[in-house]
Amino acid sequence: MPVKPKPFKLMCEDCGWAQVYAPRSDAICAPLNECPKCGSKKINMKILNSSLSVFLNKLISKQ
Ligand SMILES: [Zn+2]
């Protein structure tokens, strides 16, 4: 049984840059190791909750 990847949010502690990733079922999503904006390695990853996950999946499926 395939496991659906959960959407997650990356945030930079230094400059406040943030990006939400909502990977599709079998897509390989390479997480960032450093901030694309300031180059900081202080990247926080937060898994988003399931209700937002459903919301994002609806948005993606409409495209
Ligand atoms: Zn940054």
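**Briefing: a three-stranded antiparallel sheet with one helix**

Strand 1 and strand 2 form a hairpin in which 5 residues lie between the two strands, and G16 in its turn has a positive phi of about 85°. The model is predicted. The protein chain contains 1 helix and 3 strands, and its elements follow the order β-β-β-α from the N terminus.

**Sheet architecture**
- The 3 strands make up an open sheet with the order 2-1-3, and the pairing is antiparallel.
- Strand 2 (18-21) and strand 3 (43-47) are at the edges, and each has a single partner strand, so one side of each remains without a neighbour in the sheet.
- From one strand to the next, the twist averages 20°.

**Pairing of strand 1 with strand 2**
- Strand 1 covers residues 8-12 and is joined to strand 2 by 4 bridges, with the two strands running antiparallel.
- K9 has V20 in strand 2 as its bridge partner.
- L10 is placed opposite Q19 in strand 2.
- M11 has A18 in strand 2 as its bridge partner.
- The turn of the hairpin formed by these strands includes G16, the residue with the positive phi of about 85°.

**Pairing of strand 1 with strand 3**
- Strand 1 also pairs with strand 3 in the antiparallel sense, over 5 bridges.
- C12 is placed opposite I43 in strand 3.
- In the sheet order 2-1-3, strand 1 stands between strand 2 and strand 3.

**Order along the chain**
- The three strands precede the helix, as the run β-β-β-α from the N terminus shows.
- Strand 1 (residues 8-12) is followed by strand 2 (18-21) and then by strand 3 (43-47).

**Burial and contacts**
- The protein chain has 63 residues, and buried residues make up 5% of them.
- A residue counts as buried if 20 or more other C-beta atoms lie within 10 Å of its own, so the 5% refers to residues that reach this cut-off.
- Among contacts in the protein chain with a separation of 6 or more, 50% are accounted for by residues 24 or more positions apart.

Key
Residues are numbered from 1 along each chain as its sequence is written. This is a predicted model: local features need pLDDT of at least 70, side-chain atom pairs count only at pLDDT 80 or more; totals for chains, interfaces and linings use all residues. A residue is buried if 20 or more other C-beta atoms lie within 10 Å of its own, exposed if 12 or fewer, and partly exposed in between; C-beta atoms are placed from the backbone. Two residues are in contact if their C-beta atoms, placed from the backbone, lie within 7 Å. Two strands pair if DSSP finds at least two bridges between them. Axes are lines fitted to C-alpha atoms, for helices over the stretch in contact, and angles run from 0 to 180 degrees between N-to-C directions.
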